[in-house]
Amino acid sequence: MYARRRHVYFAMMGACLALFVLAWGVVRLWSLPAAVAMCVVAMVIPPLAAIVANRRGPEDRWWDDPSGDPKSDEWWDELDGKKRPR
């Protein structure tokens, strides 16, 4: 799953870079407002790409990883109804 998120991130960032380059290299020759609009769209892509790359999927099991503190782990396991082997 991590590889898929990474590929989506790089695709989004590549699209962002392509929009900037095309806007000021090609489109501005025909329409300045269209070039500015392309840059505004490109400006929104990096935060969305970061959100996509950093979100946790349903298979990312971060909540039940042990914290390293045995007392805390025992307490959380008790709250979750889990029995830990001793």
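**A first look at a three-helix model**

1. Let's start with the contacts. In this predicted model, residues 24 or more positions apart account for 43% of the protein's contacts with a separation of 6 or more.

2. Next, the overall layout. The protein has three helices and zero strands, and from the N terminus on its elements run α-α-α. Of its 86 residues, 16% are buried. The protein exposes about 6900 Å², with carbon and sulfur atoms supplying 66% of that area.

3. Helix H2 is a good place to pause. H2 covers residues 32-54, and its end C-alpha atoms lie 35 Å apart. Does that agree or disagree with the expected span? At 1.5 Å a residue, its 23 residues should span 33 Å, so the two values agree.

4. Look at the start of H2 as well. There, a side-chain oxygen of serine 31 comes to within 3.3 Å of the backbone nitrogen of alanine 34.

5. Which residues of H2 are buried? They are Ala35, Met38, Cys39, Ala42, Ile45, Ala49 and Val52. Helix H1 (2-25) is included in what covers them.

6. Finally, the aromatic rings. The model has one aromatic pair, formed by tyrosine 9 and phenylalanine 10. Their ring centres are 5.4 Å apart and the planes meet at 70°, an edge-to-face arrangement. The two partners are classed separately for exposure: tyrosine 9 has 26% relative accessibility, so it counts as partly exposed, while phenylalanine 10, at 52%, counts as exposed because the cut-off for that class is over 50%.

Terms used: Residues are numbered from 1 along each chain as its sequence is written. This is a predicted model: local features need pLDDT of at least 70, side-chain atom pairs count only at pLDDT 80 or more; totals for chains, interfaces and linings use all residues. Side-chain values use heavy atoms; hydrogens and water are left out. Helices (H or I, at least four residues) and strands (E, at least two) are DSSP runs, numbered from the N terminus. The expected span of a helix is 1.5 Å times one less than its number of residues. Buried means under 20% relative accessible area, exposed over 50%, partly exposed in between (1.4 Å probe, protein chains only). Contact means heavy atoms within 4.5 Å. A polar contact is a pair of N or O atoms within 3.5 Å; within protein, one must be able to donate a hydrogen and the other to accept it, and residues adjacent in sequence count only if both atoms are side-chain atoms. Rings of Phe, Tyr and Trp (its six-membered ring) pair if their centres lie within 6.5 Å; planes under 30 degrees apart count as stacked, over 60 as edge-to-face and the rest as tilted. Accessible areas come from the Shrake-Rupley method with a 1.4 Å probe; for residues, only the protein chains shown count as cover.
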